[in-house]
Structure formats: C-alpha cells, structure tokens
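Thanks for coming. I will go through one structure today, a few parts at a time. Please have the model open as I talk.

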Amino acid sequence: MRLLIHSAKQVVAITDQDVTCLPGRSMNSVVVLENTNGGVAVAVDDEGKIAAVGSTQYVRELWKYDDFDEVIDATGKCVLPGFVDAHTHPVWAGDRLDEFAMKLAGASYLEIHNAGGGIFHTVDKTVRCSSEELYQSLKDRLLKMLQAGTTTAECKTGYGLETDAELRLLQVLQRAKQQLPIEISITYCGAHAIPNCRGKTPEEATEIIVRDQIPQIQILMNEKLLPVENIDVFCEKGAFDTEQSRRILQAGKEIGLRINLHGDELNPMQSAEMAAELNATAVSHLEKVSTKGIEVMAMSGTVAILLPTTAYIMRLKPPPVRQLIEAGVSVALGSDFNPNAHCLAMPTVMNLACVTYGMNMPEALVAATLNAAASLGRGRTHGAIQKGRVGDLVVIKAEKWEHIIYQLGCHHHLIEFVVKYGKIVYSSTN
C-alpha cells in the first residue's frame, strides 16, 4: 500500500454517488465524512488509487501502519480532493505588466489586442525564447500550482500560432507531462488569434489550421509522439467567428480531440449553441452567453468553465452563474493562468467565484474538483474521494474544509500536504 491518511477531522468526499459530474442544483452540497471516535482515514494502494475511505478504526482493521509506504496523521485536519484547474495558458515568455497599467487606466482588452499587444505581444516574446527556457518557466509555474493544491491542470498552447511554433509548444507541454508530478491535460489552441505576420485573414488562418496544423498533430498523435487531448478556439470578434470556429473544432473532433473552447466572452457569438451542436465537452468564459445557449448546454451536458480571475482583472460583467446552475448546467472553475490573469492558485479562484460570482462554498469546491475533472474527460476517475478513484488529495491545517476558500490568499499557510496518485508531492514542512 502506498499511503495512509488517518484521524482526519473531515474528509470531503464531494459525492457518495456513482457520477461523473454534479450538474445544476446538485452542486449545492458536498458529502463530508466525520467520525468523532478516532476520525476518518483514506488508504491509497500501490497503483495510486483509493482503496478505502472510512473511520480510522475501520481502515486500521484492514491494514497495519507497516503496510504503508507513508503515513500522515491528519488529527484536527481536513482532507479534500486534489484541485483540478480546468483552464490554463501556462507556456509563454515575457509578461504584460505594462498592459496591466493600461487596463487600470481604462484601456479595454480588444483595444490593446488591436494595437498589437495582448496575445500578439506574448507570441512575439515566446517565439524568440528557447524551448529550454520555455520549459523551465513552465516547470516553475506548474510546481507553484501543485503547491497550491492543483493536482491536475488543463494546459493550452496558443502563443505560437504558426505551425512550427505551435508544435514546439506542444512538445514543451509533453515534456512537462512526462517529467513533473502534476497531471496535465494538453490542449491545442492554435486558433488563439489571427497571426499578425504576412497579413493573414481569419479565413486564411482557418485554412492553415484545418489543412496543415491539425493533420500534423494527427500524425504525431498516431505515432504516440504527442499526447494531445483537447482542441480550443478563441471564438470572438477580431479572432475567429462562429463558423470558422466550428470548422476548426469539427476538424479537431474528427482526429479524436475533445472540444473545449473560449466562447461568448466579450461579445455574444452564439458559441454555446455551436458547442452544444458539436457535443463539446466544455466552453469557457460565457460572460455573454444567451439564454438559449444555456438551455442547450444543459441538454448536451457541456460543462461551463467559469474564470473569475479574468472577469476580475478585465472588469467584465460576471457570467450568469445562477442562471447556468438553475438550468442544470455543470459549472467548473479554472484559473485562466496567462500573462493577462496571473493567478496560479485554485483556492483564490474559489474565493473569487464566491464573492464576485455569487457561488456558495460547496458549489465552488465542486466546480474546482469533480466538475472541473468532467470538463477534461476525467469525471469518472478524478475530483472526488471514493474507492477506485485516483488518490489525489490535499491535507489542510484546519478543522473545517471551508477555510481553504474563506482564508483569501492564505492557502500556503493552510496546505500541509499535496498528494498525487498516493505519493506526497508537496509538504509544507520540507
């Protein structure tokens, strides 16, 4: 056996049902295990899967302490599932500090973008950077995410745009996936913006993606050289329109990629409707989603990934979170870590979701665990503490789990252990 955590004050299982997500109002509560006689224990087997969850006395009857490679005494502490960050852009060079000052002075995202800043500024810095430099900065960011409790993260490309540059970013992400203790779901996002070199039109950029980039990715996937899982498009005015986005996403779907797109963020693009038609796994942002879009997302089971850091930084009107939940949509959360929204910590994201989006704490936790896992095709295996699921766990120094959300910016003082597949990958005491 790999790991025993015993005597916990609380173990937040999230659910005791055999489900892959918690849609709508079912997000409103989480299953919390407590036992006043010796606390609660979690045992993880040699394959990194949870073998038992129950009272410490019950688990002690199944195994002795000596049966485990590592033992954590969680007396007076809480155990939660490892957080799943459903939306990140972690591989890039440079920063956008000057643009932060511009935003504070009143400049909009699209004004900066159309002036050659934003994504284009980061693309220019990124393509000039070596693969080793990109990997080292990516490694630093992902390990900081891990220390903040994130055990699985979706990671996009998108700061290359041209074919060779995008393939290089995918290779950098693949190296991180192979070498780092955090689990990565790789997303190809070559349609993040229209390349501003050689005067390409959106239609020309779409053709290059569909006829060049995606076929090259398919070859590398078939040869087991790139483990790409998802395809993303920035469906927005000034980028790719709805029909161009549809073509790109459909082409990705045809080579086996899950659809997971940016939609209805700055303008109403009917992205949600298009995503539901394509049976997309998830759509992110949704500040401008329509009522019809919400209805069809609920019917298709498409997950809504909400990004409160971006809405906060850009001073956007929040998405209609209550309407999404009341309609029965599964809501997930992501940090949207990128040069525009420099946040690596899901506890901060959950706090912002509660304060700025009106979510309650159980909803925010479900959105950062089980539903985020569902947005990455991992709803059956990740995001909850149940027998047979992966042993991805966070141990916090508090007697009530809500402290991880309540104590804004204090997660580094709260998180004592982060566990991935039953192995301790971060300890605050080391």
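One definition before the details: a residue is called buried when its relative accessible area is under 20%, exposed when that value is over 50%, and partly exposed in between. Keep in mind that this is a predicted model.

I start with backbone angles. Most residues other than glycine have a negative phi. Ser7 has a phi near 65°, a positive value, and Ser7 is not a glycine. You will find Ser7 in strand E1, which covers residues 3-8. Is Ser7 buried or exposed? Its relative accessibility is 17%, so Ser7 counts as buried. Asn279 also has a positive phi, about 55°, and Asn279 is not a glycine either. Asn279 sits in the loop that runs between helix H9 (271-277) and strand E13 (282-285).

Next, helix H6, residues 163-179. What span should its 17 residues have? At 1.5 Å a residue the expected span is 24 Å, and the C-alpha atoms at the two ends are 25 Å apart, so the two values agree. The buried residues of H6 include Leu167, Leu169, Leu170, Val172 and Leu173, and also Glu166 and Arg168. What do the buried residues of H6 pack against? Their partners among the helices are H4 (119-127), H5 (131-147) and H7 (202-222). The strands they pack against are E9 (150-156), E10 (183-191) and E11 (228-233).

Now the largest pocket. It holds about 170 Å³ of space. Residues lining the largest pocket include Trp92, Asp95, Arg96, Phe100, Lys103, Ile313 and His342. Which element gives the most to this lining? That is helix H2, residues 97-104, with four residues. Sorted by class, the lining has six nonpolar, four charged and two polar residues.

Last, the cysteines. A disulfide here needs two cysteine sulfur atoms within 2.5 Å. By that rule the count is zero. Cys235 is in no disulfide, and the nearest cysteine sulfur, in Cys189, is 12 Å away. Cys235 has 1% relative accessibility and therefore counts as buried. Why does Cys410 have no bond to Cys343? The sulfur of Cys343 is the closest cysteine sulfur to that of Cys410, but the two are 14 Å apart, which is too far for a bond. With a relative accessibility of 26%, Cys410 counts as partly exposed.

That is the end of my part.

Methods:
Residues are numbered from 1 along each chain as its sequence is written. This is a predicted model: local features need pLDDT of at least 70, side-chain atom pairs count only at pLDDT 80 or more; totals for chains, interfaces and linings use all residues. Side-chain values use heavy atoms; hydrogens and water are left out. The expected span of a helix is 1.5 Å times one less than its number of residues. Buried means under 20% relative accessible area, exposed over 50%, partly exposed in between (1.4 Å probe, protein chains only). Contact means heavy atoms within 4.5 Å. On a 1 Å grid over the protein atoms alone, a cavity is a set of points where a 1.4 Å probe fits but cannot get out, and a pocket is an open set with protein on both sides within 12 Å along at least five of seven lines; lining residues have an atom within 4 Å of a point. Grid points are joined across faces, edges and corners, and a volume is the space filled by probe spheres set on the points. Ala, Val, Leu, Ile, Met, Phe, Trp, Tyr, Cys and Pro count as nonpolar, Asp, Glu, Lys and Arg as charged, and the others, Gly among them, as polar.
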